[in-house]
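Here is a quick walk through one protein model, with an eye on its charged pairs, its inner space and its surface. Have the viewer open as you read.

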Amino acid sequence: MTTTIIIVVIASLALLCLLWLAKGRTLSASVLDNPTAHIRALDVEAFRNLVDPDEEEFLRSQLPPAAFRRIQRERLRAAVEYVSCAAQNAAILLRLADAGRRSTDPATAEAAEKLVDNAIRLRLYAFHAMARLYLGMILPGARIYPVRVAESYEQMTRQVVLLGCLQYPTRGIAAAL
C-alpha cells in the first residue's frame with residue numbers, strides 16, 4: 001500500500017514537472033513581438049551569494065541559532081524568487097527559440113535549437129532547485145546548493161546573445177538579460 005502511494009506521488013510530481021515545462025511554450029504571441037518587455041533582469045551574482053555555502057557558514061557562525069534560521073529562510077525565499085525569474089525567462093526564450101528553429105538560415109536554426117535545449121535544461125534545474133530551496137526553508141540546517149541554475153542561466157544567456165545577433169540584429173534581446 002505504501003509503495004503504491006509513493007509511486008502515485010512520484011508520478012504526479014513528474015506530470016506537474018512536464019506541465020510546468022510545457023507552460024513555456026504556451027506564452028502569448030506578443031512575446032515574439034517584443035521579448036525585452038517580458039524578460040526580467042536577473043542578477044546571477046546576487047543569486048550565487050544567496051546560495052553560497054561559505055556565506056551560509058559565516059552567518060551560522062556569527063548569529064544565534066534562531067536568528068540564523070530566520071535570516072536563512074529569508075535568503076532562501078529570495079533565492080526562490082531568483083529561480084522563478086530565471087525559469088520564467090527560460091519559458092519566454094523557449095518561445096523565441098521555437099520560432100528561430102524554423103529559420104531557413106542553418107546557423108540561426110542551430111543556435112535556436114541549442115537555446116531550446118539550454119532553456120529546457122534550465123527549467124528542469126529550476127524545478128529541482130525550487131524543491132531544494134523549499135526544503136531548506138523547512139530545515140534551515142540542510143545543505144542546499146542549487147548552483148547549476150546559475151551556470152545554466154549564464155549558458156542560456158550566451159546562447160540568446162548568439163541567436164539575437166543572428167535572428168534579431170536590431171532588437172537587442174540580450175540587453176534585458
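## Starting at Glu110

Let's start with Glu110, which counts as partly exposed at 46% relative accessibility. Keep in mind that this is a predicted model. Glu110 has a salt-bridge partner in Lys114, and their closest N and O atoms are 3.5 Å apart. Lys114 is partly exposed too, at 42% relative accessibility. Both residues sit in helix H6, four residues apart, which is about one turn of the helix.

Elsewhere, Glu56, Glu57 and Arg60 are joined into one network by salt bridges that share partners.

## The overall layout

Stepping back, the protein has seven helices and zero strands. Read from the N terminus, the order of elements is simply α-α-α-α-α-α-α. How much of the protein is buried? Of its 177 residues, 38% count as buried, with the cut-off for that label set at under 20% relative accessible area.

## More charged pairs

How many salt bridges does a search of the whole structure find? The search turns up six. One of them links Arg70 to Glu74, with 3.4 Å between the closest N and O atoms. These two both belong to helix H5 and are four residues apart, about one turn of the helix. Arg70 is partly exposed, with a relative accessibility of 48%, and Glu74 also falls in the partly exposed class, at 41%.

Another salt bridge brings together the side chains of Glu113 and Arg101, at 3.4 Å from N to O. Glu113 is in helix H6 (residues 106-138) while Arg101 is in the loop between H5 and H6, so this pair ties together parts that are 12 residues apart in sequence. As for their surroundings, Glu113 has a relative accessible area of 35%, which makes it partly exposed. Arg101 gets the partly exposed label as well, at 30% relative accessibility.

## Space on the inside

Now for the enclosed space. There are two cavities of 30 Å³ or more. The largest cavity holds about 40 Å³ of space.

Which residues line the largest cavity? The lining is made up of Leu42, Val44, Phe47, Tyr82, Val83, Ala86, Val149, Ala150 and Tyr153. Three elements give two or more residues to this lining: helix H3 (44-50), helix H5 (65-100) and helix H7 (148-167). What about the chemistry of the lining, nonpolar, polar or charged? The split is nine nonpolar, no polar and no charged residues. Tyr82 and Tyr153 are part of the lining, and Tyr goes into the nonpolar class under the scheme used here.

## A nonpolar patch on the surface

On the outside, Met1, Ile5, Val9, Leu13 and Leu16 make a nonpolar surface patch of about 540 Å². To be part of a patch, a residue needs over 30% relative accessible area and no salt bridge. Leu16, one of the patch residues, is found in helix H1, which covers residues 2-22.

## Looking back

To retrace the route in the viewer, begin with Glu110 and Lys114 in helix H6, then go to Arg70 and Glu74 in helix H5. Helix H5 is worth a second look, as it is also one of the elements with two or more residues in the lining of the largest cavity. Then finish at the patch that includes Met1 and Leu16.

How values were computed
Residues numbered from 1 in each chain as written. Predicted model: local features only at pLDDT ≥ 70, side-chain atom pairs only at ≥ 80, totals over all residues. Heavy atoms only, no water. 1 Å grid on protein atoms, 1.4 Å probe; cavity = no way out; pocket = protein on both sides within 12 Å on 5 of 7 lines; lining within 4 Å. Points joined across faces, edges and corners; volume = space filled by probe spheres on them. Patch = residues over 30% accessible without salt bridge, like charges linked within 9 Å, V, L, I, M, F, W, Y side chains within 5 Å. Areas by Shrake-Rupley, 256 points an atom, 1.4 Å probe, with all protein chains shown as cover. Salt bridge = Lys/Arg side-chain N within 4 Å of Asp/Glu carboxyl O. Buried < 20%, exposed > 50% of the residue type's maximum accessible area, 1.4 Å probe, protein only.
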